[in-house]
Amino acid sequence: MIHKRWYSIIGIGTGFLLLAWIYRTFNPAEHFFLPCPIKHTTGLECPTCGSQRALHELLNGHIEEAFRLNPLIFLLTPYFLLWIYFRLKTDHSKKEAKLYSTLFGTKAITVIIAVTAIFTVWRNIK
């Protein structure tokens, strides 16, 4: 019998593969993707503005263009994927538990928020 956790892993994996196929196939600048509501309302770019287009470029091998559209995703995507890994894994070694508390503790989250805020200000004044 398959453990419940495997259903989650298979579901999340399938969802990621489907999203990767959609973003690789369809350019968000040209198709049915929703625009950023913050940019649409205020004219300012939020931290994630350009992420959909950057993901499309990245999945098509255009790394420089993806970085130009939103360099923050190169930092936050691996961080988010690592968080998912830690949340799905059930038995952590002491080393992994310490790494988790270091990377996802209050101080680390504060740093991520500060970096995101600085990035947002920077991209709107340049």
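## The two sides of helix α7

In this predicted model, Ala-108, Ile-112, Thr-116, Phe-119, Thr-120 and Arg-123 of α7 are buried (under 20% relative accessible area, with a 1.4 Å probe and protein chains only). They sit on the same side of α7 because they cover an arc of only 110° around the axis, taken from the directions from the helix axis to the C-beta atoms. These buried residues pack against α4 (63–69), α5 and α6 (94–104), where contact means heavy atoms within 4.5 Å. Turn to the other side of α7 and you find exposed residues, including Lys-107, Ile-113 and Val-121 (exposed is over 50%).

Helices here are DSSP runs (H or I, at least four residues), numbered from the N terminus.

## The largest pocket

Now for the open spaces. A pocket is an open set of points on a 1 Å grid over the protein atoms alone, where a 1.4 Å probe fits, with protein on both sides within 12 Å along at least five of seven lines; lining residues have an atom within 4 Å of a point. The largest pocket has a volume of about 610 Å³, meaning the space filled by probe spheres set on the points. It has 22 lining residues, and Phe-16, Leu-55, Leu-76, Thr-77 and Phe-80 are the closest to its centre. Helix α5 gives the largest share of this lining, eight residues.

## How the model was read

Residues are numbered from 1 along each chain as its sequence is written, and side-chain values use heavy atoms, leaving out hydrogens and water. As the model is predicted, local features need pLDDT of at least 70 and side-chain atom pairs count only at pLDDT 80 or more, while totals for chains, interfaces and linings use all residues.

Technical notes: Helix = DSSP H or I, 4+ residues; strand = E, 2+ residues; numbered from the N terminus.
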